[in-house]
Amino acid sequence: MVEEKAIEIWDGYREDGTLAGIDLIRGEHIPKGLFHVVCEILVRHADGDFLLMQRDTAKPNYGGMYEATAGGSAVKGEAALACAKRELLEETGIRTEDLVQIGHFVSTHTIYFNYLYVTDCDKESIQLQIGETISYKWVNEKDFISFVNSNEMIASQREHYMEYLLKQGYVSIKQANLEDVSIVSLLAINMWKEHDIEELILEFFEVISSDKAAVFLCYDKSEPIGFAQCQLRYDYVEGTNSSPVGYLEGIFVLESHRMKGYAKKMLAACEAWSMEKGCIEFASDCELDNEVSQHFHKKMGFTEMNRIICFKKTLIQ
């Protein structure tokens, strides 16, 4: 006799977080304009260590990867906070009433609520949930920072926690999304002064919307202090032998934060993005009289390929 799998029913929500009065079923298509609630809980010990749980290798998504720390979907009739308490108990054995919300993130069909729990529990008392987790580890703050800035962390979870991670200074680079268009434009106007802010907003809306371009923002804690724009170029790029080529379209750091390695970090993010897109070469350019930019490029490992002067003429008088 085949055991029937229980159907998990969720409340349907509007994007503003109000109930839509429609039930959603896990695994089935979610109609446009509807969302379900997911809660994620980060556990930190009173001694400063963070708890990471290893997902079961049999799970279809991110099997075997570590996550910080627990989480799951709210079932029908369950508020976000109640969901967070239940998921934390089920996945770690930790029971608490003292969760602090540290973030809120909306993606396609999902509203995420992020919580922090600080505990003084016995570190050996963590329990595993069959079919969900297979191991756990406590890491100190330094190792946690390394974790969130590496490919070991699930990328989508890093994005959900970004508000908290930036505030704590644990990460300094994030890929911009459409909500960041104004922030990017206000930084870019410092470099491209011949444009007005409205032009830049329209331009960056298109750039960030494209899967062939990316913009990275740099933060000092929660303050945006720089950006870098890169994209794929399919036409010939001077000195290269492949296509597409990752191309640095612009990079800027506020003067008060220069010479601190921020530009190097943003460039590394652009290069990593380009490699993910299949590029084996990365290129850039600068004005002939921009000695600061030339020095930066050479320091970052670029090789000068050519120097040109561009001309034009008007054909219609």
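Among the contacts in this predicted model between residues at least 6 apart in sequence, 57% join residues at least 24 apart. With the whole protein in view, you are looking at 8 helices and 14 strands, and the C-alpha atoms fill a box of roughly 80 × 45 × 40 Å, taken along the principal axes. If you colour the 317 residues by accessibility, buried residues make up 43% of them.

**First stop: a pair of helices**

Select residues 181–188, which form helix α5, together with residues 197–209, which form helix α6, and you will find that their axes come within 9 Å and cross at roughly 125°. Two packed helices are described by the angle between their axes and the distance between the axes. The angle here lies outside the range of 65 to 115 degrees for roughly perpendicular and is not over 145, the limit for roughly antiparallel, and α5 and α6 are therefore oblique to each other. The crossing in which α5 passes α6 is right-handed.

Now show the side chains where the helices meet: on the α5 side these are Val181, Ser182, Val184, Ser185, Leu186 and Ala188, and on the α6 side Ile197, Leu200, Ile201, Phe204, Phe205 and Ile208. Sorted by class, this contact has 10 nonpolar residues, 2 polar ones and no charged ones.

**Second stop: Val215**

Next, select Val215, which lies in strand β11, residues 213–220. Is Val215 buried or exposed? Its relative accessible area is 0%, so Val215 is buried. Leaving aside residues up to four places away in sequence, Val215 touches several residues that you can display around it, including Val184, Phe204 and Ile208, which also appear in the contact between α5 and α6. Other residues touched by Val215 include Lys174, Gln175, Phe227 and Gln229. If you also pick Glu249, which is 34 residues from Val215 along the chain, the C-alpha atoms of the two are separated by 9.7 Å.

**Third stop: two loop residues**

Move to Ser150, in the loop between α2 (141–148) and α3 (155–160). Buried means under 20% relative accessible area, and because Ser150 has a relative accessibility of 19%, it counts as buried. Its side chain reaches the backbone oxygen of Phe147 at 2.9 Å.

Then select Asp289, which is found in the loop between β14 (282–283) and α8 (291–299); with 67% relative accessibility, Asp289 counts as exposed. For a distance to draw in the viewer, choose Met275, 14 residues from Asp289 along the chain, and the C-alpha atoms of these two are separated by 30 Å.

**Last stop: the backbone**

Most residues other than glycine have a negative phi, and most peptide bonds are trans. Which residues does a cis peptide bond join, with omega about -15°? They are Ala68 and Thr69, and Thr69 is found in the loop between β5 (66–67) and β6 (70–73). A cis peptide bond also joins Ser243 and Pro244, with omega about 0°, and Pro244 is found in the loop between β12 (223–233) and β13 (245–253).

Finally, select Tyr62, in the loop between β4 (50–55) and β5, which has a positive phi of about 60° although it is not a glycine; at 41% relative accessibility, Tyr62 counts as partly exposed. Lys221, in the loop between β11 and β12, likewise has a positive phi of about 60° without being a glycine, and at 47% relative accessibility Lys221 counts as partly exposed.

Notes. Residues numbered from 1 in each chain as written. Predicted model: local features only at pLDDT ≥ 70, side-chain atom pairs only at ≥ 80, totals over all residues. Heavy atoms only, no water. Axes fitted to C-alpha atoms, helices over the stretch in contact; angles between N-to-C directions. Helix = DSSP H or I, 4+ residues; strand = E, 2+ residues; numbered from the N terminus. Parallel < 35°, antiparallel > 145°, perpendicular 65-115°, else oblique. Left-handed = near helix turned anticlockwise from the far one by under 90°. Contact = heavy atoms within 4.5 Å. Nonpolar A, V, L, I, M, F, W, Y, C, P; charged D, E, K, R; others polar. Buried < 20%, exposed > 50% of the residue type's maximum accessible area, 1.4 Å probe, protein only. Polar contact = N/O pair within 3.5 Å; in protein donor to acceptor, adjacent residues only side chain to side chain.
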